[in-house]
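Visitor: Could you take me through one part of this model closely, and then set that part beside other places in the chain?

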Amino acid sequence: MTNEKVTDIWNRPLSDLRISVTDRCNFRCTYCMPEETFGPDYRFMPKEQLLSFAEIARLARIFNVLGVKKIRLTGGEPLLRKDLPDLIRTISAIDDNLDIALTTNGTLLKRLAGPLREAGLQRVNVSLDTLDEDLFHRLNSRHTTVKQVLAGIEAAAQAGLKVKINTVVQKGVNEDSIVPLARHFRGSGHVLRFIEYMDVGNSNGWDLQQVVPKKDIVARIDAEMPLEPIAANYYGEVASRYRYVGSDEEIGVISSVSDTFCGSCTRARLSADGRLYTCLFATEGTDIKALLRSGASDDELERAIRDVWQKRNDRYSDERAAQTNPAKQRKIEMSYIGG
């Protein structure tokens, strides 16, 4: 393998890899896997269609050679994949400087946080859209409580994992949860991040009118707990960062609708069935699994991935017109590609 870093048409490096380990989830969030689409009769991928842990680890090594320094495991709900700590242990051995994180709804963290940390996981992002139990049941899960998610967050922190909480904000739905969440997590040591409701996939019925823009999110918190902007941590960071005035505590806002960040996007996504996507809003991907299972060498796999990235021209959120209805364009569902 060449060990040469790779950039795309817009000179954006490949430095982050999101790996979906399963398309299954135990939540039915209205903005991701609405129950009317992903109901009891929905057919998820059979086990043999998923990438094996050995295949994932092999690809992770190749992506690392191409410049990837951050790997995030996603789903669906990644903690539903049996023996996930084994995969993390293998990936963490690839490179001592590899940053390994995981996105989860938190329901299984109380039991798994310790083994995940011991295996080499460093950070978790936990989804939590409200502290109100009734609203939580309507938005996310009828079978889980906010208390269970909070217990998972606490277990992750106790295990030594860095924790971020992700909240998707929808107008007329949960914008009144913004300030209560900020109050609750202030002083916790965790970073709270609000995410503008995005037009990922097609099943959520996205409408621009449902977006609460970044400036409104920040204004709500600032009115009670004054904020000031702070610089990004690194090139390609998607969240705009703010700290509470007079402290080192911060929040973030991911604003792919009102403010775009395509110009510095460094993320590739690998679906659970081994397709490579170069954008969260993609319509199609490259079948890396077929090449992998055909007996391709590491050099051949590297060349294929390099070729895909060098031709990458994605700028979806930059090009999104304010009055256009992107739902007309068939896009990959978030539950398939990972967030």
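**A close look at asparagine 125**

Guide: Asparagine 125 has a relative accessible area of 2% and is therefore buried; this value, like the others here, is computed from a predicted model. The residue is found in strand E4, which covers residues 123–127. Once its neighbours within four places in sequence are left aside, asparagine 125 is in contact with Arg72, Leu102, Thr103, Thr104, Lys164, Asn166 and Arg193.

Another asparagine can be set beside this one. Asparagine 140 belongs to the loop between helix H4 (133–139) and helix H5 (146–158), and because its relative accessible area is 4%, under the 20% limit, asparagine 140 is buried as well. Its contacts, again without the neighbours within four places in sequence, are Phe27, Arg28, Cys29, Tyr31 and Asp129.

Glutamate 300 offers a further case, in helix H9 (residues 298–310). Its relative accessibility is 37%, so glutamate 300 counts as partly exposed, and, with residues up to four places away in sequence not counted, glutamate 300 touches Leu291 and Gly295.

From these single residues we may turn to the nonpolar core. In soluble globular proteins, nonpolar side chains tend to be buried together. In this model the largest nonpolar core has 91 residues, and the members that touch the most other members are Phe63, Ile71, Leu73, Leu84, Ile91, Val124 and Ile221. Helix H1 (residues 53–65) supplies the largest share of this core, with six residues. For isoleucine 71, one of the members just named, the contacts beyond its neighbours within four places in sequence are Leu17, Ile19, Ala60, Ile91, Leu98, Asp99, Ile100 and Ala101.

Ile221, also among those core members, leads on to a pair of packed helices. Helix H6 (residues 178–185) and helix H7 (residues 214–222) pack with their axes 9 Å apart and at an angle of about 55°, and the two helices are therefore oblique to each other. The crossing in which H6 passes H7 is right-handed. On the H6 side the contact is made by Ile178, Val179 and Ala182, and on the H7 side by Ile217, Arg220 and Ile221. Sorted by class, the contact of H6 with H7 has five nonpolar residues, one charged residue and no polar residues.

Technical notes:
Residues numbered from 1 in each chain as written. Predicted model: local features only at pLDDT ≥ 70, side-chain atom pairs only at ≥ 80, totals over all residues. Heavy atoms only, no water. Axes fitted to C-alpha atoms, helices over the stretch in contact; angles between N-to-C directions. Parallel < 35°, antiparallel > 145°, perpendicular 65-115°, else oblique. Left-handed = near helix turned anticlockwise from the far one by under 90°. Contact = heavy atoms within 4.5 Å. Nonpolar A, V, L, I, M, F, W, Y, C, P; charged D, E, K, R; others polar. Core = buried A, V, L, I, M, F, W, Y, C linked by side-chain atoms within 4.5 Å. Buried < 20%, exposed > 50% of the residue type's maximum accessible area, 1.4 Å probe, protein only.
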